[in-house]
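Open the model in a viewer and keep the selection panel at hand. The stops below say what to select next and what is there.

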Amino acid sequence: MSFIRTEDRTDALREKAFEISPLGSPSAELSEAATWLWEELAFVWLDFEERLAQVPVMSRIQSGTATVEDYQALLLNVRQQVVEGGRWIALASSSMSLPLFPIRSLLIQHAAEEHTDYQMLERNYVAAGGDLAVMLSQPKNIGSEAFSSYMFHQASTPDPLHLFGAMFIIEGLGSAKAAGWAKSVQQSTGLPDEAVTFLAYHGEADEDHYQKLVGVLSHPLIDRPLAERLTKTAKVVARLYALQLEELGNI
């Protein structure tokens, strides 16, 4: 589907978007800019979910028909993004000016919590029957190349608060999708718990991360221009994230 413009949104579509958005519905206490942002991000998420459902490997995972080979390919192709996640978050923190010191501290903490997550993913790959030497030598696929380049470029800009739009997508997958994906993979493949710890962990840990994100997105510093930039960043990241899943093995 294409992104639904404001003038084409019905009350029923808004209700659907808020229902599936990791942020939920906007509260009455939010500012006008934050309320606008809540709706825009909800529709970004709606478009993202429908796009993911069309990606073959994600369609099979979500429908409970994924194979061990599907799961191995997924882990093999997302490892580079996971390796670099902590790096671009740390770069974004260093790009924050002194008035945004609390945001810098939040990002540093986040980077510290996630910078070794790729090791968990590597263990999962081996537990699923994969060869670690293959994973360690696997270059980024073409979608991951685009995703990584965009994230590092944006993280290097001054006061990159708009990257919280990216985190809306990335952390949203963890809080809203990862636990269900882990369960589905196990049911369809029979893999043991030690093969899905990365997804299972993020299904729990990203709930806490998401609550911190909610605090940032509802902060008074979010004015309309920043809300618009956050929304565009979320749109770009949603498209690039899906692209790396569409291009599994295309290196």
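**Stop 1: the salt bridges of α1**

Select Arg-14 and Asp-11: their side chains meet in a salt bridge, with N to O at 4.0 Å. A salt bridge here is a side-chain nitrogen of Lys or Arg within 4 Å of a carboxyl oxygen of Asp or Glu. This is a predicted model, in which local features need pLDDT of at least 70 and side-chain atom pairs count only at pLDDT 80 or more, while totals for chains, interfaces and linings use all residues. Residues are numbered from 1 along each chain as its sequence is written, and side-chain values use heavy atoms, with hydrogens and water left out.

Both Arg-14 and Asp-11 belong to helix α1 (residues 11-20), where they sit 3 residues apart, about one turn of the helix. Helices (H or I, at least four residues) are DSSP runs, numbered from the N terminus. Asp-11 is exposed, at 63% relative accessibility, whereas Arg-14 is partly exposed at 22%. The cut-offs are under 20% relative accessible area for buried and over 50% for exposed, with partly exposed in between (1.4 Å probe, protein chains only).

Now add Arg-9, Glu-39 and Glu-40 to the selection: together with Asp-11 and Arg-14 they are linked in a network of salt bridges.

**Stop 2: Glu-40 and helix α2**

Stay on Glu-40, which is in helix α2 (residues 32-52). Is Glu-40 buried or exposed? Glu-40 counts as buried, because its relative accessibility is 7%. Show its contacts (heavy atoms within 4.5 Å). Outside its neighbours within four places in sequence, Glu-40 is in contact with Phe-3, Thr-6, Arg-9 and Thr-231.

Further along α2, select Asp-47 and Arg-51, which form a salt bridge with the closest N and O atoms 3.9 Å apart. The two residues are 4 apart in the helix, about one turn. Asp-47 is buried, with a relative accessible area of 13%, and Arg-51 is partly exposed, with 24%.

**Stop 3: helix α4**

Move to Arg-87 and Glu-84, another salt-bridged pair, whose closest N and O atoms are 3.8 Å apart. The pair is separated by about one helical turn, because the residues are 3 apart in helix α4 (residues 68-94). Glu-84 is buried at 10% relative accessibility. The salt-bridge count comes to 15.

Next select Trp-88. Which residues does Trp-88 touch, not counting those up to four places away in sequence? They are Met-151, Phe-152, Ala-155, Leu-163, Met-167 and Ile-170.

**Stop 4: the nonpolar cores**

A nonpolar core is a set of buried Ala, Val, Leu, Ile, Met, Phe, Trp, Tyr and Cys residues joined through side-chain atoms within 4.5 Å. The largest one has 72 residues, and those touching the most other members are Phe-48, Met-58, Trp-88, Phe-164, Phe-168, Ile-169 and Leu-217. Helix α9 supplies the largest share of this core, 11 residues. A second, separate core has 6 residues, among them Ile-4, Ala-17, Phe-18 and Phe-43. In soluble globular proteins, nonpolar side chains tend to be buried together.

**Stop 5: the loop between α9 and α10**

Select Ala-195, in the loop between α9 (164-189) and α10 (197-217). Ala-195 is buried, with a relative accessible area of 0%. Beyond its neighbours within four places in sequence, Ala-195 is in contact with Tyr-71, Asn-124, Ala-127 and Ala-128. For a distance label, pick the C-alpha atoms of Ala-195 and Asp-131: they are separated by 13 Å, and the residues are 64 apart along the chain.

Gly-190 lies in this loop between α9 and α10 as well, but Gly-190 is exposed, at 61% relative accessibility. The C-alpha atoms of Gly-190 and Gly-24, 166 residues apart along the chain, are separated by 33 Å.

**Stop 6: colour by confidence**

Finally, colour the chain by pLDDT, the predictor's confidence in each residue, from 0 to 100. The chain mean is 93, and 97% of the residues reach 70 or more. Among the elements, α10 has the lowest mean pLDDT (80), and helix α8 (residues 142-155) has the highest (98). Where pLDDT is low, the predicted coordinates should not be read in detail.
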